[in-house]
Amino acid sequence: LSQRLEQNLQHLRAGVGAMPAEMVVYQVELEDLVAQVDAAISLQPDSSELWRQRVNLLMDLNQVYGAGLRRDEPYVASL
């Protein structure tokens, strides 16, 4: 699931132009959290909790980028 979400993000990123500043801030914060979880996963690769957190963050990023494409839809965090 994590890999599919990453692939979908690549597709969404290619289609998003300029985003409102609050969405960019949210996107950067989520990407920073993904990097932190990735660092933890590198130390504990079998942790299902860390993988769950990563998937949830990637789903949030997909929502942010999707909202960037559809600017009229709200986005929420599932953290």
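A salt bridge is a side-chain nitrogen of Lys or Arg within 4 Å of a carboxyl oxygen of Asp or Glu. The exercises below apply this to a predicted model.

**Exercise 1.** Describe the secondary structure of the chain.

Solution. Count the elements: there are three helices and zero strands. Read from the N terminus, the order is α-α-α.

**Exercise 2.** Test whether R54 and D38 form a salt bridge, and say which helices they join.

Solution. Take the distance: N to O, the side chains of R54 and D38 are 2.4 Å apart. The cut-off is 4 Å, and the pair is a salt bridge. Next, place the residues. R54 lies in helix α3 and D38 in helix α2 (residues 21–43), so the bridge ties together parts 16 residues apart in sequence.

**Exercise 3.** Find the other salt-bridge partner of R54, then name the network.

Solution. R54 also meets E6 in a salt bridge (2.6 Å, N to O). E6 sits in helix α1 (residues 2–15) and R54 in helix α3, so this pair ties together parts 48 residues apart in sequence. Put the two bridges together: E6, D38 and R54 form a network.

**Exercise 4.** Is R54 buried or exposed?

Solution. Its relative accessibility is 9%. Buried means under 20%, so R54 counts as buried. Now check its partners. E6, at 25%, is partly exposed. D38, at 29%, is partly exposed too.

**Exercise 5.** Locate N62 and find its polar partner.

Solution. N62 belongs to helix α3 (residues 48–69). It is buried, at 10% relative accessible area. Its side chain makes a polar contact with the side chain of N8 (2.4 Å). N62 also touches residues including L5, L9 and L12.

Key:
Residues are numbered from 1 along each chain as its sequence is written. This is a predicted model: local features need pLDDT of at least 70, side-chain atom pairs count only at pLDDT 80 or more; totals for chains, interfaces and linings use all residues. Side-chain values use heavy atoms; hydrogens and water are left out. Helices (H or I, at least four residues) and strands (E, at least two) are DSSP runs, numbered from the N terminus. Buried means under 20% relative accessible area, exposed over 50%, partly exposed in between (1.4 Å probe, protein chains only). A polar contact is a pair of N or O atoms within 3.5 Å; within protein, one must be able to donate a hydrogen and the other to accept it, and residues adjacent in sequence count only if both atoms are side-chain atoms. Contact means heavy atoms within 4.5 Å. Lists of a residue's contacts leave out its neighbours within four places in sequence.
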